[in-house]
Amino acid sequence: MSKDHDHDHHSHAIPSDPALRVQALETVLVEKGLVDPGALDVFVDYYQNEVGPRNGARVVARAWSDPDYRAWLFDDASAAITDMGYAGRQGEDMVALENTAQVHNMVVCTLCSCYPWPVLGLPPVWYKSAPYRSRAVIEPRAVLAEFGLELPDDTEVRVWDSTAELRYLVVPMRPVGSDGWSAEQLADLITRDSMIGTGLARDPGAPQESSQT
Amino acid sequence: MSPPDRPADGAFPEDPDAPPFAEPWEAQAFALTLQLYEAGHFTWREWADTLAAVLKEADAQNPSDDGRDYYRHWLTALERLSAAKQMADPGDVAARKQAWKTAYESTPHGGPVSLK
């Protein structure tokens, strides 16, 4: 492959190589009738704007507030999550993992980037990085420390490797000081990272940066 | 400058409000994949296996890949699966890529770019 560049400053800026590749692929797929170009934006809009960690936060907040729902979530996460209206690709077979003082769960996909889209949206960049995918299993405590999370020595760390068939939602521990909070208030404490297991729920006493309503 | 207990490249923690796609072509590659999958042209298992194979090659070349090239690998996987499933011949795709490049080069600034 040549890497020479044309320096014709009077014409259009040439898109980047991957941009040209995807445009070319789309052209061929559209010509063969395999893809409807008008429908592509629907997918992008949905994953950019409709789904995100707020969905997962509502699931966890309900589990914190409602013992029956909590039991259901740990028994059949797919059904309990679907009950909240969150379903779809990469959410078909869900398992909820309970974080306690004794056990801290964290989730990785060592092979690719399997991630529970309906409850967490699309994964953050670091989740897809080679170091996270390789090191989370080998040295989870060192990785957690880089997220600023230092766990007690007697807390067991369990690492769960997602697959194309099975995906995990971590239910973080409910923080002290949140008694009597509504589910919506509780959801503000539940960060994306706390549901991957690379963070904890927010401290209710700490000032809120979130402007979510 | 940076604390010694943090990776120099700041690989892990990031802005939780960062958009899922850094550039429009990333969203385009993502949407093409989902539409083909929804239409039943491949299973999710086939997709995950293809992507995992590409990532394994990429990791071998760059073990410190910080995830920012993720959709470039995704696109490579989509090209590969499209070829394997005879949805898009690599030669056709390469020809179209050159045609688009020529179209961009030959269209005056501000004009609409299209294939001849």
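Hi everyone, let's start with what covers the buried residues of helix 2 of chain A: the cover includes helix 1 (17–31) and helix 6 (117–120) of chain A, along with helix 1 (24–38) of chain B. Contact here is heavy atoms within 4.5 Å, and helices are DSSP runs (H or I, at least four residues) numbered from the N terminus.

A quick note: this is a predicted model, where local features need pLDDT of at least 70, side-chain atom pairs count only at pLDDT 80 or more, and totals for chains, interfaces and linings use all residues. Residues are numbered from 1 along each chain as its sequence is written, chains are lettered from A, and side-chain values use heavy atoms, without hydrogens and water.

So which residues of helix 2 (residues 40–50) of chain A are buried? They are A:Leu40, A:Phe43, A:Val44 and A:Tyr47, with buried meaning under 20% relative accessible area and exposed over 50% (1.4 Å probe, protein chains only). They sit on the same side of the helix because they cover an arc of only 95° around the axis, taken from the directions from the helix axis to the C-beta atoms. The face turned away carries exposed A:Asp41, A:Val42 and A:Asn49.

Now the aromatic rings. A:Trp117 and B:Phe30 form a tilted pair, 5.4 Å centre to centre with 55° between the planes; rings of Phe, Tyr and Trp (its six-membered ring) pair if their centres lie within 6.5 Å, and tilted planes are neither under 30 degrees apart (stacked) nor over 60 (edge-to-face). A:Trp117 lies in helix 6 of chain A and B:Phe30 in helix 1 of chain B, so this pair joins two chains. Both residues, A:Trp117 and B:Phe30, are buried.
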